[in-house]
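Trainee: Got a minute to go through a model with me? I'd like to get my bearings before I set anything up.

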Amino acid sequence: MSGKPKLYYFDGRGKMESIRWLLAAAGVEFEEEFLETREQYEKLLQGGSLLFQQVPMVEIDGMRMVQTRAILSYIAAKYNLYGKDLKERALIDMYVGGTDDLMGFILMFPFLSAEDKEKQRAFIVQKATSRYFPVYEKVLKDHGQDFLVGNNFSWADVHLLEAILMVEEKKSDVLSGFPQLQAFKARISSIPTIKKFLEPGSQRKPVPDDKYVETVRRVLRMYYDIKAN
């Protein structure tokens, strides 16, 4: 295992997308192996690569890493996106944790029934605008800086931009009442590595479609229905 990081996941967003975002933000090129069959997944299991029998898995620096949060923390620390001291790291963890909670409501969305999707869409927008976005709006307003932590670009900024764009896919004007976040979105989107990742042809994945859902269900043998919040 050497050279570029290699990502093992489905050809879609899911839990791997935040890892793609963070690597791209750091300017790191990476390779991907897409799971399309149950046999591929079982081969990884039998080879002992999936420590907890789950993907995502990332090969990086001679390691086969699983557990999304561990992978993201390693990448953030390796590429100086994790603050300059323990206090800043704690703030980044706190903001990322909040953003993760919001993104978790969206992660399940493609697997819902049509009826439940409409309920979940409203739930996502309500949570974003009443619980999560007000926090980041206040942070940016109170300290008057360009970034969430220490006035330096960090994992927290990358994660928040990803979440903003995901919620905007559910309601395009969701930031209408958040001027600080509107400016933040424009500012972070213009960072060269981020701008490149947002351009067509990058390794950023599109909104999950029926093919993605069917592949995940088949490979993981998901025979149950996910319910909305």
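Mentor: Let's talk through the domains, then the salt bridges, then a few backbone oddities.

Trainee: Okay, what kind of model is this?

Mentor: It's a predicted model.

Trainee: And which residues make up each domain?

Mentor: Domain 1 takes in 6–79 plus 198–220, and domain 2 runs over 86–190. The contact between them draws on 21 residues from domain 1 and 19 residues from domain 2.

Trainee: How many Å separate the two centres?

Mentor: 22 Å, going by the C-alpha atoms of domain 1 and domain 2.

Trainee: What area is buried between domain 1 and domain 2?

Mentor: About 1600 Å², and carbon and sulfur atoms give 68% of that.

Trainee: How many salt bridges cross that interface?

Mentor: The rule finds 2 between domain 1 and domain 2. There's also a count of 4 residue pairs in polar contact between the two domains.

Trainee: Which helices supply the domain 1 side?

Mentor: Helix H1 (17–25), helix H3 (68–78) and helix H9 (210–220) each put in at least two residues on the side that touches domain 2. By residue type, that side of domain 1 splits into 12 nonpolar, 3 polar and 6 charged.

Trainee: What does Arg 69 pair with?

Mentor: Asp 93, in a salt bridge whose closest N and O atoms are 3.4 Å apart.

Trainee: Let's zoom out. How many salt bridges does the structure hold?

Mentor: The structure holds 20. One of them is Arg 13 with Glu 169, where the closest N and O atoms are 2.8 Å apart.

Trainee: Where do Arg 13 and Glu 169 sit in the chain?

Mentor: Arg 13 is in the loop between strand E1 (6–9) and H1, while Glu 169 is in the loop between helix H6 (155–168) and helix H7 (179–189). That pair links distant parts of the chain, 156 residues apart.

Trainee: Is Arg 13 buried or exposed?

Mentor: Arg 13 counts as buried, because its relative accessibility is 9%. Glu 169 comes out at 32%, so that one counts as partly exposed.

Trainee: What about Glu 32, which residue does its side chain meet in a salt bridge?

Mentor: Lys 205, at 3.1 Å from N to O. Glu 32 lies in strand E2 (residues 31–34) and Lys 205 in the loop between helix H8 (192–198) and H9, so this pair ties together parts 173 residues apart in sequence. Lys 205 counts as buried, because its relative accessibility is 9%.

Trainee: Now for a pair within one helix. Where do Lys 138 and Asp 142 lie?

Mentor: Both are in helix H5 (residues 114–143), 4 residues apart, which is about one turn of the helix. They form a salt bridge with closest N and O atoms 2.6 Å apart. Lys 138 is exposed, with a relative accessible area of 52%, and Asp 142 is exposed too, at 53%.

Trainee: Which residues do salt bridges with shared partners join into one network?

Mentor: Asp 11, Glu 17, Arg 20, Glu 32 and Lys 205.

Trainee: Switching to Arg 217: which helix does it lie in?

Mentor: Arg 217 lies in helix H9. With a relative accessible area of 19%, Arg 217 is buried, as the cut-off for that label is under 20%.

Trainee: What does the side chain of Arg 217 reach?

Mentor: The backbone oxygen of Phe 111, at 3.3 Å.

Trainee: On to the backbone. Which residues does a cis peptide bond join?

Mentor: Val 55 and Pro 56, with omega at about 15°. Pro 56 is in the loop between helix H2 (38–46) and strand E3 (57–60).

Trainee: What is phi for Gln 67?

Mentor: Phi of Gln 67 is near 75°, a positive value in a residue other than glycine. You'll find Gln 67 in the loop between strand E4 (63–66) and H3. Gln 67 counts as partly exposed, at 38% relative accessibility.

Trainee: And Asn 80, where is that found?

Mentor: In the loop between H3 and helix H4 (86–107). Asn 80 has a positive phi of about 55° although it is not a glycine, and at 69% relative accessibility Asn 80 counts as exposed.

Definitions and conventions. Residues are numbered from 1 along each chain as its sequence is written. This is a predicted model: local features need pLDDT of at least 70, side-chain atom pairs count only at pLDDT 80 or more; totals for chains, interfaces and linings use all residues. Side-chain values use heavy atoms; hydrogens and water are left out. Domain bounds come from an automatic or database domain assignment. Contact means heavy atoms within 4.5 Å. Buried area is the accessible area (1.4 Å probe) that two parts lose on being put together, summed over both. A salt bridge is a side-chain nitrogen of Lys or Arg within 4 Å of a carboxyl oxygen of Asp or Glu. A polar contact is a pair of N or O atoms within 3.5 Å; within protein, one must be able to donate a hydrogen and the other to accept it, and residues adjacent in sequence count only if both atoms are side-chain atoms. Ala, Val, Leu, Ile, Met, Phe, Trp, Tyr, Cys and Pro count as nonpolar, Asp, Glu, Lys and Arg as charged, and the others, Gly among them, as polar. Buried means under 20% relative accessible area, exposed over 50%, partly exposed in between (1.4 Å probe, protein chains only).
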